[in-house]
Amino acid sequence: MMRKFTALGLMAGMLTLPALAQKKIEYKEFDLDNGLHVIMHQDNTTPIVVTSVLYHVGSKNEQPDRTGFAHFFEHLMFEGSPNIERGEYMNIIQARGGTLNAFTSSDITYYYELLPSNELELALYMESERMLQSKVDQTGVDTQREVVKEEKRQSYDNRPYGSLLIETLKRSYSEHPYNWAPIGSLDHLNAASIEEFQQFYKDFYVPNNATLTIAGDIDYAQTEEWVREYFSEIPKGTKEIYRPDVVEPKKTAEIRDVIYDNIQIPAVIQAYNLPKQTDPDSYALSMLSTYLTGGNSSLMTKELVDKQQIALAIAAIPLELEDGGVFIMYGIANMGVEPETLEKEIDKLIKQVQDEGISDQDFAKLQNIIENNLVSGNSSMAGIAQNLAESHVIFGDTDYINQQMEIYGKVTKADLQRVAKKYLDLTGRVVLYYLPKSAETTE
Amino acid sequence: MKKIAIAFILTLLVSVGSFAQVDRSKLPESGPAPEIKIGEAETFTLENGLKVFVVKNDKLPRVSFTLVLERDPLFEGDKAGLTGFVGQMMMAGTDSRTKEQLDEEIDFIGASLSAGSTSISASSLKKHQDKVLELMADVLYNPKFPQEELDKLQKQTLTGLATSKDDPNAISGRLSSALVYGKEHPYGEVETEESVMNVKLADIKSYYETFFKPNIAYMAIVGDMDKAEAEKVVKKYFGKWEKGDVPSFEYNDPTPTTKTMVGLVDRSSSVQTVIDIAQPIDLTLGDEDYIASRVLNQIFGGGSSSRLFMNLREDKGYTYGAYSSLAADKLVGQFSANASVRTDVTDSAVVEFIYEINKLVDEGVTQEELEKAKASLAGSFGRSLESPATIANFALNIERYGLPKDYYETYLQKMNALTVEDINQTAKNLINPDNLYITAVGNASEIKDKLAQFGEVIMYDNMGFPAKEMAAVDADMTVEKVIDNYIEAIGGKSAASAIKAAKVTMVAEIMGQQLTIEQVFDNANMRYMQNTLVGGNVMQSSVIKDGKGLVKVRGQSMDMTDEQMDASKMETYYLPELYYGTMGYTLKLDGIKDVEGTPAYKVIVTTPLGATVSNYYSVESGLKIKNENPVSGDTFYTDYQEKNGVMIPMAMTIKSAMIPVPLEAKVTNLELNPVLTEEDFN
């Protein structure tokens with residue numbers, strides 16, 4: 001989820017490469033008295049409209065004994081309101097020809113509807129009902145707890161390497177609440193009282209913690225009028241929003257562990273702590289990950305998958321987070337290859353980048369690939385809406401969407417080598433081996 | 001002062017007015033349906049006949065070029081599979097670029113370039129358009145067609161074919177096509193090992209020279225390019241493309257069945273039945289019924305709120321999903337309703353399908369269903385317009401199907417004007433409930449008799465050909481005789497019983513790695529050992545001795561459960577048929593079956609705890625030619641050779657859900673009655 005998020009974040013418009021006339025993304029924004037921030041982007045090419053609300057609450061805003069709340073709300077918030085029958089939220093949207101979805105990360109919770117443009121008022125009504133008076137009752141909690149249980153089973157317990165994020169975060173953070181993944185603990189959800197859920201809603205689902213984005217075939221004046229009609233009466237939150245102020249201490253020793261899972265083929269995971277998402281080095285790190293494993297001609301894929309054939313697959317993913325995420329590298333071993341062998345070869349290639357940097361030819365190719373990906377990323381209204389919202393919330397400036405290309409253009413070949421040395425620090429990392437459960441029995 | 005106050009109050013009133021509480025008790029009404037602005041494609045034609053569509057969209061600095069050949073469908077006959085090779089062969093290098101060079105040049109500019117038998121597509125950032133066009137033109141004009149690439153593709157295709165022969169969905173698709181279109185129709189023919197290997201380099205070259213002609217080609221250009229520029233670049237890169245005569249082909253319409261029939265493929269290891277109920281339909285894009293058919297299908301089986309899904313999944317719980325389609329095609333279209341269901345509800349599921357089909361044609365749809373389907377289809381139509389490629393596609397369709405210029409412009413209006421009566425008429429026009437092909441792929445011994453209620457049941461093989469007629473089992477044939485015949489065929493009881501122990505090494509290749517299976521059998525002491533090695537490393541080993549079983553994976557071991565022991569014991573005898581009696585197994589003769597063309601007696605063996613395997617013994621030779629094991633999959637035995645007076649299979653093909661491709665294993669070492677030590681079982 002976050003990868004996609006990050007990638008979209010990058011794609012806004014980038015690189016100062018001379019021949020490229022990246023179109024500026026125009027938008028209008030305003031604030032309501034209750035603190036709701038509203039961003040509008042008009043594009044009348046297609047008669048569709050995306051309406052999204054980004055709540056600035058993720059798993060990092062949870063209490064350590066109540067993890068999973070933010071993600072649980074992503075489900076609970078479809079239970080309806082005094083005016084929307086239980087379970088009808090999705091049916092209403094679909095019956096008007098739309099689709100919807102939502103996701104939760106460590107930092108944010110994001111809801112969106114994609115509808116024909118003559119249904120904008122409906123979308124605003126639905127989102128305003130959610131913000132004003134969403135149903136938070138025992139029946140809803142009980143129903144959604146079962147759904148989340150099923151989701152956890154499907155996406156984490158039964159999926160090969162499904163616990164990867166949970167196990168990695170647990171070891172990558174000793175102090176910061178990034179220690180737990182958004183799925184959280186079912187025990188915590190079971191233990192929580194209905195009042196606690198209601199309090200969470202009152203604390204975080206308030207207009208002063210939300211960004212409403214409307215992108216597509218809209219009329220600016222009409223849109224603003226409807227927004228004011230539906231959202232102005234929602235009261236501002238009374239408490240200060242809880243945001244953890246914790247600095248994760250730098251690790252000085254490697255953390256190494258073995259996870260036994262329902263898998264057939266061993267995997268090697270390495271995780272390196274990253275700077276804050278807004279740190280300039282984030283761009284070089286993102287490019288570095290593309291250099292290492294992006295596409296068939298990338299360094300590690302070419303060497304470990306094609307040439308040596310010791311890995312079935314390999315990927316480097318910079319999981320970028322507000323307070324500093326993790327650079328996760330995972331390799332799945334080929335049949336009969338020991339994880340130790342694979343890890344040694346991965347380390348060798350990291351070392352190679354740190355010592356020798358990368359060639360001019362490869363850097364040029366890398367720039368071309370990234371540029372192409374970034375440009376293509378702003379091709380949908382849904383992508384633009386999310387990008388605008390994130391620019392405002394995470395980077396504190398909606399216009400950031402138009403600046404990314406320039407920032408990317410400043411990354412040099414030397415930066416890639418420098419960040420490889422600075423952040424891919426072998427002594428302060430987390431290393432996990434995923435081994436088949438059958439290997440555990442006599443241990 | 002007063003004036004000001006009044007103005008102030010007025011302002012206040014106005015602002016209060018505009019913030020008056022909205023009525024939240026009811027949903028906002030839809031606004032007036034938006035005008036669908038389908039950007040028009042501009043068009044021009046080169047002297048050589050290449051017709052070009054330009055859809056300018058400069059939101060992003062990207063441009064794509066798609067070349068499409070409009071030729072009649074081809075009946076490939078004894079070279080079925082030919083067209084599947086053309087695209088990759090064209091991408092395998094040109095006169096001036098090796099495949100590696102071509103790949104690198106594409107990657108370097110972050111572009112994409114691919115080809116098929118009737119298309120070449122390229123896309124890149126605007127600034128790289130000249131480079132990508134140069135590469136595209138090189139592929140179009142100068143493909144090299146290297147023999148080694150064809151060899152590689154043929155090998156890959158054979159592997160894929162082997163896999164698809166055991167894939168129930170692939171089998172179902174072949175059977176439906178064979179019945180609906182007939183084997184002599186381009187849509188009904190199948191690739192076989194023979195036809196794939198029959199394709200020669202000269203065939204590919206000849207195809208290329210015949211069909212890659214500008215006078216049957218369309219090019220769609222979508223992105224940051226206007227018509228003037230398009231004319232310039234198309235002329236530059238495709239102006240010298242020479243036209244030529246392209247043959248056309250006609251085919252007879254398939255003759256539909258006169259009454260509903262059942263086509264069945266026996267796949268006895270199946271726990272699910274793949275059901276597909278199909279018939280040919282006369283439906284082409286642009287037909288009077290076309291838009292109504294989209295609505296009809298949406299109501300019937302287009303999604304998770306459609307009738308089939310609600311009935312077979314939500315109400316009955318027979319399946320994870322049940323869907324339908326009404327495919328339109330210039331030659332002949334197809335109606336299909338399908339689901340994968342549990343074996344024991346196969347006939348009940350067919351009953352529900354038939355019920356729904358009859359109900360649809362007889363009683364039609366409701367106003368509410370119609371409204372929902374319209375909203376859903378209008379929504380997805382609108383969303384599809386976000387991609388500029390959709391506009392290019394519309395322009396191509398208008399040209400290829402001779403549609404009115406405003407066909408898509410007015411598509412939603414036409415759809416919204418449809419009434420319940422229109423949809424009901426379309427259902428009657430397209431679907432005939434009395435002459436359906438009901439196809440099923442599943443465990444025939446469980447479902448064949450139950451399917452007879454729907455029509456005559458005809459057996460087919462896994463390639464969609466009528467199954468060889470299997471003689472009925474002679475009245476005096478018994479399961480004991482099958483086993484006795486087998487023992488006789490391998491050399492007689494005394495020679496077979498003389499083999500008390502054996503060491504076997506088999507070697508196969510999997511994903512480029514060598515896989516070795518080592519087995520040691522010790523009948524007298526009921527001991528057994530098996531090691532599986534990949535690339536020289538022991539991946540897994542099993543040992544049975546002293547009445548206990550142990551499985552080791554990566555050096556860690558685990559005891560077998562009673563059930564596992566019970567099932568494994570059956571596999572531990574080198575020639576288990578000699579011991580079926582003493583082990584207390586139950587044997588059942590289940591008729592004569594077709595094993596890859598060889599008639600064979602099927603014997604179901606059941607252990608005391610209820611585990612079963614099935615063995616197939618050739619009717620003619622008496623030899624065991626196949627074993628079906630629910631855990632390890634299907635094993636086919638071939639290359640029987642005489643060793644110590646006993647016929648032993650020296651080659652095996654193993655098919656299992658656990659491995660992606662069939663494993664071809666050869667016995668590389670065989671020691672009969674070797675001296676065994678404790679070490680052999682550690």
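Me: Two strands count as paired if DSSP finds at least two bridges between them. In this predicted model, what makes β4(B) and β5(B) a pair?

Reply: Five bridges join β4(B) to β5(B), and the cut-off is at least two, so the two strands count as paired. The strands run antiparallel. At one position G116(B) stands opposite S119(B) in β5(B). The link between β4(B) and β5(B) is a hairpin through two residues.

Me: What makes β3(B) and β5(B) a pair?

Reply: Strand β3 (residues 62–69) and strand β5 (residues 119–125) of chain B share seven bridges in the antiparallel sense. The requirement is at least two bridges, so β3(B) and β5(B) qualify as paired. Within this pairing T66(B) stands opposite S121(B) in β5(B).

Me: Where do these strands sit in the sheet, and in what order do the strands run?

Reply: The order in chain B is β1-β2-β6-β3-β5-β4, six strands in an open sheet with mixed pairing. From one strand to the next the twist averages 10°.

Me: Why are β1 and β4 of chain B said to stand at the edges?

Reply: β1 (42–45) and β4 (112–116) of chain B each have a single partner strand, so one side of each lacks a neighbour in the sheet.

Me: Which side chains of β4(B) are buried, and which are not?

Reply: They alternate along the strand. L113(B) and A115(B) point to one face and are buried. S112(B), S114(B) and G116(B) point to the other face and are not buried. The cut-off for buried is 20 or more other C-beta atoms within 10 Å.

Me: Why is F145(B) called partly exposed?

Reply: F145(B) has 18 other C-beta atoms within 10 Å. Buried needs 20 or more and exposed needs 12 or fewer, so F145(B) falls in between. F145(B) lies in the loop between α4 (129–141) and α5 (147–165) of chain B. Its phi is positive, about 55°, although F145(B) is not a glycine. Most residues other than glycine have a negative phi.

Me: What makes N673(B) exposed?

Reply: The count for N673(B) is 12 other C-beta atoms within 10 Å. The limit for exposed is 12 or fewer, so N673(B) meets it. N673(B) is found in the segment after β25 (663–672) of chain B. Phi of N673(B) is also positive, near 50°, in a residue other than glycine.

Me: How do you know that L285(B) is partly exposed, and which residues does L285(B) contact?

Reply: L285(B) has 17 other C-beta atoms within 10 Å. That value lies between the limits of 12 and 20, so L285(B) is partly exposed. L285(B) sits in the loop between β8 (272–281) and α10 (290–301) of chain B. Leaving aside neighbours within four places in sequence, L285(B) is in contact with Y290(B), A328(B), N397(B) and Y401(B). C-alpha to C-alpha, L285(B) is 7.6 Å from K330(B), with their positions 45 residues apart in sequence.

Me: Turning to chain A, why are α10(A) and α13(A) called roughly perpendicular?

Reply: Helix α10 (residues 281–293) and helix α13 (residues 360–377) of chain A pack at an angle of about 105°. Angles of 65 to 115 degrees count as roughly perpendicular, so the label applies to α10(A) and α13(A). Their axes are 10 Å apart. M287(A), T290(A) and Y291(A) in α10(A) meet D362(A), L366(A), I369(A) and I370(A) in α13(A). By class, this contact has five nonpolar, one polar and one charged residues.

Me: How do you know that the radius of gyration of chain A agrees with a compact globule?

Reply: For 443 residues a compact globule would have a radius of gyration near 22 Å, and chain A has 23 Å, which agrees. The C-alpha atoms of chain A fill a box of roughly 60 × 60 × 40 Å along the principal axes. Chain A has 16 helices and eleven strands, and 51% of its residues count as buried.

Me: How many residues does each chain bring to the contact between chains A and B, and which element of chain A supplies the largest share?

Reply: Chain A brings 52 residues and chain B brings 44. On the side of chain A that touches chain B, α13(A) gives the largest share, seven residues. The residues on that side divide into 18 nonpolar, 22 polar and twelve charged.

Notes. Residues are numbered from 1 along each chain as its sequence is written. Chains are lettered from A and ligands numbered from 1 in the order in which they are written. This is a predicted model: local features need pLDDT of at least 70, side-chain atom pairs count only at pLDDT 80 or more; totals for chains, interfaces and linings use all residues. Axes are lines fitted to C-alpha atoms, for helices over the stretch in contact, and angles run from 0 to 180 degrees between N-to-C directions. Helices (H or I, at least four residues) and strands (E, at least two) are DSSP runs, numbered from the N terminus. Angles under 35 degrees count as roughly parallel, over 145 as roughly antiparallel, 65 to 115 as roughly perpendicular and the rest as oblique. Two residues are in contact if their C-beta atoms, placed from the backbone, lie within 7 Å. Ala, Val, Leu, Ile, Met, Phe, Trp, Tyr, Cys and Pro count as nonpolar, Asp, Glu, Lys and Arg as charged, and the others, Gly among them, as polar. The radius of gyration is taken over C-alpha atoms; the globule rule is 2.2 Å times the number of residues to the power 0.38.
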